[in-house]
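Dear colleague,

Please find below the structure that I am handing over to you. My findings follow directly after it.

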Amino acid sequence: MENSEESFKELCKRLSLLDGVEGLMLGGSRATGRYDKNSDYDLYVYCSVIPEKEKRYEAIEPCCAYIELNNMFFEIEDDCTLKGGTDIDIIYREINGFERDLKSVVFECNAHNAYTTGLWFTLVKSTILSDKSGKVKALFDKFNVTYPKTLKKNIIKKGLCLLSGHLPSYDRQILKAHKRGDFISVNHRITAFVETYFDVLFALNSKLHPGEKRMIEYARELDLTPELFEEDLKELFKAASSDDHSRLEKVLDRLFKELSKIAI
């Protein structure tokens, strides 16, 4: 079993038989059709109870050439390389807890600092591979709804405040750090600025946030984007690595103002 696709199918079959597993969904670029030869598999395993790591290992070991079991950097994951050579991220989600987290965003309209609708995207942009009792389909149907206007409003309001206009806003933090020559802090806060910038941009278009990859590619497809936003984002990173404080201040101001124009 050296073919990655065959290894993937067998792995899914074995995982679906584990006690506590309700269903499997294929997400990421392989579900949206944006994958290439370097793309991995994103497999979401929805569980009533997440199986013990030993049981998971027994299920996936025959299909994998390499296994990192029980990584918990983001969610509970087994990160592996299939026998065909393709990487796979296996993400385990307790279905009731995941539903509560999505409810807070989708129905209670709580905005985060960034990636507000990212988890929602991973659900409704994924493909159901197995579903023992219909719980995965029910979860999908519950959240396969129109983007709430109140959520859109809350993300835009919070995001714009984070970007500029307040003492703790990211632009002020970036400029302070740049003045003192603290380029670790500059890069840290620029990352937060860009994350929030895209959170607002996707919300403005009532589109779910696609995650940290291919954001420019997704943004190009939006109906509403700031003028020259790609050029300005490139300039932001160039200015941040220069000693020209005025240059950095100008591009931060331009990014915020152009985004604010389309938020009116």
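Which strands and helices cover the buried residues of H4? Please note, before the reply, that the model is predicted. The cover includes two strands, E2 (41-47) and E5 (87-94), and three helices, H5 (118-124), H6 (135-143) and H7 (149-163).

Helix H4

The residues of H4 that are buried are Ile95, Gly97, Phe98, Leu102, Val105 and Val106. They lie on the same side of the helix, because the arc that they cover around the axis is only 165°. In general, residues three or four places apart in an α-helix point the same way, because there are 3.6 residues a turn. H4 itself has twelve residues, 95-106, and at 1.5 Å a residue it should span 16 Å; the C-alpha atoms at its ends are 16 Å apart, in agreement with that expectation. At the start of H4, the backbone nitrogen of Asn96 has a side-chain oxygen of Glu94 within 3.1 Å.

The protein as a whole

The protein has 264 residues, of which 49% count as buried. Its secondary structure consists of twelve helices and six strands. Taken along the principal axes, the box filled by the C-alpha atoms is roughly 60 × 35 × 30 Å. Among contacts with a separation of 6 or more, 62% come from residues 24 or more positions apart.

Cysteines

How many disulfides does the structure hold? The number is zero. For Cys47, the closest cysteine sulfur is that of Cys12, and the distance of 13 Å is too far for a bond. For Cys64, the closest cysteine sulfur belongs to Cys80 and is 4.2 Å away, which is also too far for a bond, because a disulfide requires the two sulfur atoms to be within 2.5 Å. Cys47 is buried, with a relative accessible area of 0%, and Cys64 counts as buried at 7%.

Aromatic pairs

The structure holds seven aromatic pairs. One of them joins Phe8 and Tyr41, which are stacked, with 4.2 Å from centre to centre and 15° between the planes. This pair links distant parts of the chain, since Phe8 belongs to helix H1 (residues 4-16) and Tyr41 to strand E2, 33 residues apart. Phe8 is buried at 7% relative accessibility, and Tyr41 is buried with a relative accessible area of 7%.

Tyr197 and Phe198 form a pair that is edge-to-face, because their planes stand at 80°, with the ring centres 5.6 Å apart. Tyr197 counts as buried at 1% relative accessibility, and Phe198 is buried at 2%. Ring pairs also bring in Phe202, so that Tyr197, Phe198 and Phe202 make up a cluster.

Thr196 in helix H9

Thr196 is located in helix H9, residues 183-204. Is this residue buried or exposed? Thr196 is buried, with a relative accessible area of 1%. Leaving out residues up to four places away in sequence, Thr196 touches Asn113, Ala114, Gly159, Leu162, Leu163 and Tyr170.

The loops on either side of H10

Most residues other than glycine have a negative phi. Ser206, which is not a glycine, has a positive phi of about 55°. Ser206 is found in the loop between H9 and helix H10 (215-220), and at 31% relative accessibility it counts as partly exposed. Leu228, likewise not a glycine, has a positive phi of about 55°. The loop that holds Leu228 runs between H10 and helix H11 (229-240).

Pro226 is also placed in the loop between H10 and H11. At 4% relative accessibility, Pro226 counts as buried. Which residues is Pro226 in contact with, leaving aside its neighbours within four places in sequence? They are Tyr197, Leu201, Glu258, Leu259 and Ile262. Tyr197 is thus a partner of Pro226 as well as a member of the ring cluster with Phe198 and Phe202. In addition, the C-alpha atoms of Pro226 and Leu255 are separated by 8.1 Å, although these residues are 29 residues apart along the chain.

Yours sincerely

Terms used
Residues numbered from 1 in each chain as written. Predicted model: local features only at pLDDT ≥ 70, side-chain atom pairs only at ≥ 80, totals over all residues. Heavy atoms only, no water. Buried < 20%, exposed > 50% of the residue type's maximum accessible area, 1.4 Å probe, protein only. Helix = DSSP H or I, 4+ residues; strand = E, 2+ residues; numbered from the N terminus. Expected span 1.5 Å × (residues − 1). Arc of directions from axis to C-beta. Contact = heavy atoms within 4.5 Å. Polar contact = N/O pair within 3.5 Å; in protein donor to acceptor, adjacent residues only side chain to side chain. Phe/Tyr/Trp six-rings, centres within 6.5 Å; stacked < 30°, edge-to-face > 60°.
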